[in-house]
Number of protein chains: 2
Amino acid sequence: MTSTSRPDDAPSTDPVGFESHDHASCIASAIAEAEAHCAREGLRFTPVRRKALEILLREHRALGAYEMLDALREAGFGSQPPVAYRALEFLVGNGFVHKIERLNAFIACAHPGATHSPAFMICRACDSVAEAQATPARGALGEAARAAGFRIERTVVEAEGLCPTCSDKSDT
Amino acid sequence: MTSTSRPDDAPSTDPVGFESHDHASCIASAIAEAEAHCAREGLRFTPVRRKALEILLREHRALGAYEMLDALREAGFGSQPPVAYRALEFLVGNGFVHKIERLNAFIACAHPGATHSPAFMICRACDSVAEAQATPARGALGEAARAAGFRIERTVVEAEGLCPTCSDKSDT
DNA sequence: ATACGAACTGTTATAATATGACAAGTACCA
DNA sequence: TGGTACTTGTCATATTATAACAGTTCGTAT
């Protein structure tokens with residue numbers, strides 16, 4: 001906790017992520033959420049897993065697996081790819097982290113706790129990523145799936161474009 | 001053309017792709033579409049590009065770049081990765097082929113000619129892929145983007161689950 | 001016809017992303 | 001305390017992708 005912490009009721013929505021916000025408190029609460037979830041489910045929130053989640057929360061951007069590996073090595077963990085991939089697999093599997101397929105990279109979930117289908121907005125200029133909510137079963141895809149008899153289990157929804165900041169720059 | 005060809009008005013929708021259909025005619029017409037498009041735009045529909053598109057149309061499934069490379073080599077083209085990647089880049093760039101990010105693989109467009117935002121249904125059991133239409137700007141993502149001031153240029157929409165066939169099998 | 005530039009092809013080499021397999025350590029429970 | 005499932009770290013390797021450069025082809029303007 002730093003002197004910048006604030007009560008939980010401040011920017012509780014933050015639907016976007018292109019705005020700045022209080023990292024210290026969102027990190028702490030996300031870690032606490034993960035810890036509680038693991039306790040409830042009988043999962044082992046081991047040091048390397050916790051560290052990986054902390055790194056993603058602290059960076060607040062999408063990291064490649066090898067960037068994660070570097071960070072974990074610096075923190076004193078193993079230095080071979082499976083170390084990073086296994087931690088990330090655990091975190092993704094439990095919904096604490098999402099994989100951005102378009103970037104082959106990983107980002108901490110912005111809505112921990114909520115069961116959700118994430119959607120992402122990826123800026124092609126600065127690589128920033130914001131998380132929103134998708135509504136898979138609704139819309140054209142849901143209809144097509146029902147018509148085809150396809151049983152949707154998971155959706156990847158990623159929009160690529162320009163974030164407000166980069167959009168302003170390119171308008172110049 | 002084979003004896004199985006049929007008039008263009010038969011299954012004109014084929015919104016799904018989990019159904020079988022007349023490959024010979026859909027291949028021929030897709031190639032013709034691509035040829036016409038390139039002629040109009042002053043693009044060069046070279047032998048290796050044409051062959052790559054033919055291969056994807058014939059296979060009617062998502063192929064990895066190295067599978068494509070093998071097929072191109074067998075057809076007498078170069079045998080190094082850039083050969084495949086460059087042909088695929090051209091085809092994707094012109095909308096004749098889509099990349100399935102979830103699979104790092106490529107599939108021929110099922111709706112050639114139409115300007116569209118594709119959406120895919122990917123069977124996790126048999127890896128079959130069907131293409132549908134997405135409606136990016138509508139729905140929750142479009143709203144979030146407008147609220148955030150994010151300018152969407154392209155969307156990746158991929159649903160993972162079970163196709164009708166595999167779904168029936170797993171119900172047993 | 002010919003010279004020119006842009007685009008294309010093929011190659012070598014290497015980068016970036018990801019997984020299989022195994023040995024050693026740890027947690028938990030019977 | 002012994003067994004079992006899980007976790008970690010490592011080595012080795014597979015898979016996916018791109019940079020750079022030389023030679024060729026294409027279209028066009030002389």
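**Exercise 1. Sort the residues of the surface near DNA strand D in this predicted model into nonpolar, polar and charged.**

Step 1. Start with the count: 18 residues lie around DNA strand D.

Step 2. Now sort them: seven are nonpolar, five polar and six charged.

Step 3. Pick out those that come nearest to the strand: A:T46, A:R86, B:Y66, B:Y85 and B:K99.

Step 4. Look for the helices behind this surface. Helix 2 and helix 4 of chain A, along with helix 4 of chain B, each give at least two residues. Helix 4 of chain B contributes the most, with four residues.

**Exercise 2. Find which protein atoms lie by phosphate oxygens of DNA strand D.**

Step 1. Begin with side chains. An N or O atom in the side chain of A:T46 is 2.5 Å from a phosphate oxygen of DNA strand D. For B:K99, the distance from a side-chain N or O atom to a phosphate oxygen of this strand is 2.7 Å.

Step 2. Next, check the backbone. Here A:S79 places a backbone N or O atom 3.1 Å from a phosphate oxygen of DNA strand D.

Step 3. Finally, see which parts of the DNA are involved. Among the atoms of DNA strand D within 4 Å of the protein, 49% are in sugar or phosphate, and the rest are in bases.

**Exercise 3. Describe the surroundings of DNA strand C.**

Step 1. Count and name: 18 residues surround DNA strand C, and A:Y66, A:K99, B:T46, B:Q80 and B:R86 are the closest. Sugar and phosphate make up 50% of the strand's atoms that come within 4 Å of the protein.

Step 2. Sort the residues: seven nonpolar, five polar and six charged.

Step 3. Find the main contributor. Helix 4 of chain A provides the largest share of this surface, four residues.

Step 4. Check the phosphate oxygens of DNA strand C. A polar side-chain atom of A:K99 lies 2.8 Å from one, and a polar side-chain atom of B:R49 lies 3.1 Å from one. From B:S79, a backbone N or O atom is 3.2 Å from a phosphate oxygen.

**Exercise 4. Work out why the buried residues of helix 3 of chain A are on the same side of this helix.**

Step 1. List the buried residues of helix 3 (residues 65-74) of chain A: A:A65, A:M68, A:L69 and A:L72.

Step 2. Look along the axis. These residues span an arc of only 105° around it, so they sit on the same side of helix 3 of chain A.

Step 3. Ask what covers them. The cover includes helix 2 (47-59), helix 4 (81-93) and strand 2 (105-108) of chain A.

Step 4. Follow the chain onward. After helix 3 of chain A comes A:G76, with a positive phi near 100°.

Terms used: Residues are numbered from 1 along each chain as its sequence is written. Chains are lettered from A and ligands numbered from 1 in the order in which they are written. This is a predicted model: local features need pLDDT of at least 70, side-chain atom pairs count only at pLDDT 80 or more; totals for chains, interfaces and linings use all residues. Side-chain values use heavy atoms; hydrogens and water are left out. Buried means under 20% relative accessible area, exposed over 50%, partly exposed in between (1.4 Å probe, protein chains only). The arc is that of the directions from the helix axis to the C-beta atoms. Contact means heavy atoms within 4.5 Å. A residue is near a molecule or strand if one of its heavy atoms lies within 4 Å of it. A polar contact is a pair of N or O atoms within 3.5 Å; within protein, one must be able to donate a hydrogen and the other to accept it, and residues adjacent in sequence count only if both atoms are side-chain atoms. Ala, Val, Leu, Ile, Met, Phe, Trp, Tyr, Cys and Pro count as nonpolar, Asp, Glu, Lys and Arg as charged, and the others, Gly among them, as polar.
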